Structures are given as C-alpha cells and as structure tokens.
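Me: I should like a close look at one part of the model shown below, followed by an account of how it relates to the rest of the chain. Please answer in connected prose.

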Amino acid sequence: MESLLISTRRVIDPASGVDAQMDVLLRGGRVVDVPPRQAARQAKQTVNVRGAIVAPGLIDLHVHLRSRASCTKRPSPAVPGAAAPGGFTSVCVMPNTLPVNDSAEITRWMQAPQRSAIVNVFPIAALPWAVPARN
C-alpha cells in the first residue's frame, strides 16, 4: 500500500482534543499515524500543505440537491460532488425535490451508485402535513 505524508499543517481533531502543528501519515487513503518529523522518510510521497487545516470530514445537515442554475427543483447529481472539495464527507439532503422524497423508491434513487456521489448521501424524507382549517 502506498503511503503519503501530509506535512506542515495544523491538525484539529475535536474527538481527541488535538489542535497542533504535526504531520499525518496516510496509507491506502486512511490515517495510520500522526508521526514525528523523522517519519517523513517512511512515506513514499510527501505533500506540503502549509497554511491548510487537516480535520475529520465535515457533515452538512441541510443540503438542497439541485442545481443553482435551475429554476426547477430537479435533483442534480453534481451537488454531492461539490461538497467534497470543501471537506464535507456526508450530506443530509432536504426533501423538497421533484420528485418529492416521500417513498423508499425515491430515497433509493437518491442514494443509487449510478449517481456517482463521492460523499455519503443521507436523504431526509418528506412528511405529510395538514394546513389547519381557518374559522
């Protein structure tokens, strides 16, 4: 498995209380160690990301799965792909799409591998509601 050292950046991990300058060693795309500087010799490749922050993936709890250019609310497969460069690994998709996410079939369609989402897609289902009667 190829290894990659991410060098000279700030590492923030709220779960472990880390907020420090350190190197991160990846193997097979996964963090395997937060090594001292001499570990740079172990890595097959080194990337210097000075000024960047390395942190766990973010989750966006309120995503609209449609194109900004579109006036319709038709789901756009590009939206989950747009989340990844911003550090988001998961998105929760609002149900106000056409078709409305009100069935298991629509939910499965939103999560279908054919849509090629590179982040986790968690559709939020639409719930029926009633407008109160006016007196």
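In which sense do E6 and E7 pair, and over how many bridges?

Reply: E6 and E7 pair in the parallel sense, and four bridges join them. Strands (E, at least two residues) and helices (H or I, at least four) are DSSP runs numbered from the N terminus, and two strands pair if DSSP finds at least two bridges between them. The model is predicted, with local features requiring pLDDT of at least 70 and side-chain atom pairs pLDDT 80 or more, whereas totals for chains, interfaces and linings use all residues. Residues are numbered from 1 along each chain as its sequence is written, and side-chain values use heavy atoms, leaving out hydrogens and water.

Within the E6-E7 pair, Ile-59 stands opposite Ser-90 in E7. On to the next pair: E7 and E8 are also joined in the parallel sense, over four bridges, and Val-93 has Pro-123 in E8 as its bridge partner. Together, the three strands make an open sheet with parallel pairing, in the order E6-E7-E8. The edges are held by strand E6 (58-63) and strand E8 (120-123); each has a single partner strand, so one side of each lacks a neighbour in the sheet. On average, neighbouring strands of this sheet are turned by 20 degrees against each other, direction ignored.

A helix accompanies the sheet. H2 lies across E7 and E8 and runs at about 160 degrees to E8; such angles, from 0 to 180 degrees, are taken between N-to-C directions of lines fitted to C-alpha atoms, for helices over the stretch in contact. E8 itself has two faces, a covered one with Val-121 and Pro-123 and an uncovered one with Asn-120 and Phe-122.

The same region takes part in the core. A nonpolar core is a set of buried Ala, Val, Leu, Ile, Met, Phe, Trp, Tyr and Cys residues joined through side-chain atoms within 4.5 Å, where buried means under 20% relative accessible area, exposed over 50% and partly exposed in between (1.4 Å probe, protein chains only). The largest such core has nine residues: Val-63, Leu-65, Ala-83, Val-91, Val-93, Ile-106, Met-110, Val-119 and Val-121. Strand E7 (88-93) and helix H2 (104-111) each contribute at least two residues to this core. Nonpolar side chains tend to be buried together in soluble globular proteins.

The wider chain gives the setting. The protein has two helices and eight strands, arranged along the sequence as β-β-β-β-β-β-α-β-α-β. Of its 135 residues, 26% count as buried. Among contacts (heavy atoms within 4.5 Å) between residues at least 6 apart in sequence, 59% join residues at least 24 apart.

Elsewhere, E2 and E3 run antiparallel and are joined by three bridges. These two strands form a hairpin with two residues between them, and Gly-28 in the turn has a positive phi of about 65 degrees. Leu-25 stands opposite Asp-33 in E3. Met-22, in strand E2 (residues 18-27), is partly exposed at a relative accessible area of 22%. Beyond its neighbours within four places in sequence, Met-22 is in contact with Ile-6, Arg-9, Val-11 and Val-34. Its C-alpha atom lies 6.5 Å from that of Arg-10, which is 12 residues away in sequence.

Arg-10 also belongs to a salt bridge, defined as a side-chain nitrogen of Lys or Arg within 4 Å of a carboxyl oxygen of Asp or Glu. By this rule the count is one: Asp-19 bridges to Arg-10, with the closest N and O atoms 2.8 Å apart. Both partners are partly exposed, Asp-19 with a relative accessible area of 48% and Arg-10 with 34%.

Leu-25 leads onward to Ala-43, which is found in the loop between strand E3 (30-33) and strand E4 (45-48). The C-alpha atoms of Ala-43 and Leu-25 are 7.3 Å apart, with 18 residues separating them along the chain. Ala-43 counts as buried because its relative accessibility is 13%. Apart from neighbours within four places in sequence, its contacts are Ser-3, Leu-4, Leu-5 and Leu-25. In strand E4 lies Thr-46, which counts as partly exposed at 45% relative accessibility. The C-alpha atoms of Thr-46 and Ser-7 are separated by 6.9 Å, although the two residues are 39 apart along the chain.
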